[in-house]
Amino acid sequence: MKSFNVALAASISLAMASISAGAQDAYVIGINSALTGPGASTVAGAAEGLKLYIEKLNKSGGINGRQVKLVVQDDQGEPSKAAANAKKLLTQDNVSLLINTSLSSTFAPMIAEAQRAGVPL
């Protein structure tokens with residue numbers, strides 16, 4: 001688990017270091033996960049783990065002195081909801097990074113939306 005945390009921290013830090021926060025006070029990361037529905041027992045823990053990590057990261061000063069805001073969306077393991085969540089995260093929440101911890105059936109719509117917006121996933 002410790003190696004997972006180190007890898008996750010490194011991935012987030014590298015992605016966020018290459019992204020300008022612009023006029024925002026915080027880096028905004030969007031996460032899509034199956035928090036409810038048939039896949040929740042398998043994948044929801046990853047979203048919770050990421051929330052805990054971001055809380056710890058923010059308590060230690062954030063990234064480059066900026067806090068990290070995590071916006072979480074539930075797709076219930078459904079590809080159409082994953083696509084809608086990605087659009088919302090990209091257009092309304094203006095995320096700088098998307099993370100998908102849902103079922104594999106949701107990957108393609110998330111990838112398509114992230115590529116259209118030019119946002120790392």
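Which residues have the most contacts inside the largest nonpolar core? They are Ile 29 and Ile 54, and the core they belong to has 13 residues. Strands S1 (26-33), S2 (67-74) and S3 (97-100) each supply at least two residues of this core, and so does helix H2 (40-59). The largest share comes from H2, with five residues. Apart from this core lies another, of 11 residues; Ala 82, Ala 86, Met 110 and Val 119 are among them.

Before going further, a word on what you are looking at. This is a predicted model. Every number I give today is computed from it.

Now the overall layout. The protein has four helices and three strands. Along the sequence they follow the pattern α-β-α-β-α-β-α. There are 121 residues, and 45% of them are buried. Of the contacts with a separation of 6 or more, 66% are between residues 24 or more positions apart. The exposed surface comes to about 6,400 Å², and carbon and sulfur atoms supply 57% of that.

Part of that surface is a nonpolar patch. Phe 107, Ile 111 and Leu 121 form it, with about 250 Å² of accessible area together. Ile 111 sits in helix H4, which covers residues 107-117. The relative accessible area of Ile 111 is 38%, so this residue counts as partly exposed.

Next, Thr 106, in the loop between S3 and H4. Is Thr 106 buried or exposed? Thr 106 is buried, because its relative accessible area is 0%. As for what surrounds this residue, leaving out residues up to four places away in sequence, Thr 106 touches Asn 32, Asp 75, Gly 77, Glu 78, Pro 79, Ala 82 and Asn 100. Ala 82 also appeared a moment ago, as a member of the 11-residue core. There is a polar partner for the Thr 106 side chain as well: one of its polar atoms lies 2.6 Å from the backbone oxygen of Leu 103.

A second loop residue to look at is Leu 35, between S1 and H2. Leu 35 has a relative accessible area of 32%, so it is partly exposed. Again leaving out residues up to four places away in sequence, Leu 35 touches Ala 40, Ala 44, Ala 47, Val 72 and Asp 74. How many residues along the chain separate Leu 35 from Ser 102? They are 67 residues apart, with 8.2 Å between their C-alpha atoms.

On to charges. Side chains of opposite charge can pair when their charged atoms come close. The structure holds three salt bridges.

One of them joins Lys 51 and Glu 48, at 3.8 Å from N to O. Why are these two about one helical turn apart? Because they are three residues apart in helix H2. Lys 51 is partly exposed, at 30% relative accessible area. Glu 48 is also partly exposed, at 39%.

Another salt bridge joins Arg 116 and Glu 113, at 2.8 Å from N to O. Here the two residues are three apart in helix H4, so about one helical turn separates them. Arg 116 counts as exposed, at 62% relative accessibility, whereas Glu 113 counts as buried, at 9%.

The remaining salt bridge is between Asp 93 and Lys 88, and the closest N and O atoms there are 2.6 Å apart. Lys 88 counts as partly exposed, with a relative accessibility of 26%.

Last, the backbone. Asn 64 is not a glycine, yet has a positive phi of about 55°. Where is Asn 64? This residue lies in the loop between H2 and S2. Asn 64 counts as exposed, because its relative accessibility is 60%, and the cut-off for exposed is over 50%.

Asn 94 is another residue other than glycine with a positive phi, near 50°. Asn 94 lies in the loop between helix H3 (79-91) and S3. At 41% relative accessibility, Asn 94 counts as partly exposed.

To recap the interior: a core of 13 residues with Ile 29 and Ile 54 having the most contacts inside it, and, apart from that core, another of 11 residues.

Definitions and conventions. Residues numbered from 1 in each chain as written. Predicted model: local features only at pLDDT ≥ 70, side-chain atom pairs only at ≥ 80, totals over all residues. Heavy atoms only, no water. Buried < 20%, exposed > 50% of the residue type's maximum accessible area, 1.4 Å probe, protein only. Contact = heavy atoms within 4.5 Å. Areas by Shrake-Rupley, 256 points an atom, 1.4 Å probe, with all protein chains shown as cover. Patch = residues over 30% accessible without salt bridge, like charges linked within 9 Å, V, L, I, M, F, W, Y side chains within 5 Å. Salt bridge = Lys/Arg side-chain N within 4 Å of Asp/Glu carboxyl O. Core = buried A, V, L, I, M, F, W, Y, C linked by side-chain atoms within 4.5 Å. Polar contact = N/O pair within 3.5 Å; in protein donor to acceptor, adjacent residues only side chain to side chain.
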